[in-house]
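User: Hello! I would like to learn how to read a protein model, one feature at a time. Could you guide me?

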Amino acid sequence: MSTYVVGDIHGAYLALEELLQTISLKASDSLIFLGDYVDGWSQSPEVIDALISLKSQYNCIFIRGNHDDLFLNYLKTGRFSQEWIIHGGQSTLDAYRNISLEKLNQHIAFLESLQPYYVDASNRLFLHAGFTNQKGIAFEYFPEMFFWDRTLWETAVATDERMTENHPYFPMRLRIYTKVFIGHTPTTRLGSTMPLHFHNVWNLDTGAAFKGPLTVMEVETERIWQSTPVYQLYPKENGRN
């Protein structure tokens, strides 16, 4: 029995399918998706269809990302910001233009079911972005930070690698969980298309919305699989580039 964690997909159905065909999944395996299923490439509806199908075959946990939240807000209110449109929302609006009402309602139900975070029996935390409260997620004053915060990752990156948890200035947020798995901030900002980790924080957003691949990691072994760089799978599209 293995647990796999999947980085930000951003409408890249072809990359998701490529990885699912590469990994030898068993019925007893678990899949944890870190959010941002939509916005970027042209196949957001196909991504959500695939995730709904996976839910019937495996133990799946779906985390809410900021792009998923923005899209759901649009579906429920009809309102959207120009910033969302610029940062990938237009591709999602275009992709859903001819979706049937029945399928749209299925996708709304899926988006409404997304979890803000997940903590497993080994005290490993899975969430899209981060949290700000020094005591942990249960004490977070602003739940929207679970899918918007970047300071957890920035803190992990900035903390001296030689500093141990016993150091008086070691950040409290990095002491609470055995490991933390996030997406949200592409590792390509640090010049890498591989997952990066600093202290106990792993970042699996390897820039699939831009010029990077989609990434899956086996949690127990930290073995990594990556798709073809996604822009190569969609040569006639811009993604979020």
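Analyst: Gladly, and let us begin with salt bridges. A salt bridge is a side-chain nitrogen of Lys or Arg within 4 Å of a carboxyl oxygen of Asp or Glu. Please keep in mind that this is a predicted model.

User: How many salt bridges does the structure hold?

Analyst: The structure holds 8 salt bridges. One of them pairs K103 with D49, and their closest N and O atoms are 2.9 Å apart.

User: Which parts of the chain does the pair of K103 and D49 link?

Analyst: It links distant parts of the chain: K103 belongs to helix α5 (residues 101–112) and D49 to helix α2 (residues 44–55), with their positions 54 residues apart in the numbering.

User: How do I tell whether a residue such as K103 is buried, partly exposed or exposed?

Analyst: Look at the relative accessible area: under 20% means buried, over 50% means exposed, and values in between mean partly exposed. K103 has a relative accessible area of 29%, so it is partly exposed. D49, at 25%, also counts as partly exposed.

User: Which other side chains meet in a salt bridge?

Analyst: Among them are R97 and D94, which meet at 2.8 Å from N to O. Here R97 counts as exposed because its relative accessibility is 58%, while D94 is partly exposed at 36%. Another pair is R162 and D160, also with 2.8 Å from N to O. R162 is exposed, with a relative accessible area of 73%, whereas D160 has 31% and is partly exposed.

User: Let us turn to the backbone. What is the phi of H184?

Analyst: Phi is an angle of the backbone, and here we look at its sign. For H184 phi is near 80°, a positive value in a residue other than glycine. You will find H184 in the loop between β6 (179–182) and β7 (196–198).

User: Is H184 buried or exposed?

Analyst: H184 counts as buried, because its relative accessibility is 6%, and the limit for buried is under 20%.

User: Where does E222 lie?

Analyst: E222 lies in the loop between β9 (215–218) and β10 (224–226). Its phi is positive too, about 65°, although E222 is not a glycine. With a relative accessible area of 30%, E222 is partly exposed.

User: Now for the whole chain. How many helices and strands does the chain have?

Analyst: The chain has 7 helices and 10 strands. Its radius of gyration is 17 Å, close to the 18 Å that the globule rule gives for 241 residues, so the chain is as compact as a globular protein of that length. Along the principal axes, the C-alpha atoms fill a box of roughly 55 × 40 × 35 Å.

User: What share of the residues count as buried?

Analyst: Of the 241 residues, 51% count as buried. The chain exposes about 11,300 Å², and carbon and sulfur atoms supply 51% of that area.

User: How should I read the contacts between residues at least 6 apart in sequence?

Analyst: Ask what share of them join residues at least 24 apart: in this chain it is 66%.

User: And how many positive and negative side chains are there?

Analyst: There are 19 positive and 27 negative side chains. The centres of the two sets lie 2 Å apart.

Conventions:
Residues are numbered from 1 along each chain as its sequence is written. This is a predicted model: local features need pLDDT of at least 70, side-chain atom pairs count only at pLDDT 80 or more; totals for chains, interfaces and linings use all residues. Side-chain values use heavy atoms; hydrogens and water are left out. Helices (H or I, at least four residues) and strands (E, at least two) are DSSP runs, numbered from the N terminus. The radius of gyration is taken over C-alpha atoms; the globule rule is 2.2 Å times the number of residues to the power 0.38. Buried means under 20% relative accessible area, exposed over 50%, partly exposed in between (1.4 Å probe, protein chains only). Contact means heavy atoms within 4.5 Å. Accessible areas come from the Shrake-Rupley method with a 1.4 Å probe; for residues, only the protein chains shown count as cover. Lys and Arg count as positive and Asp and Glu as negative; His and the chain ends are not counted. The place of a charge is taken as NZ of Lys, CZ of Arg, CG of Asp or CD of Glu.
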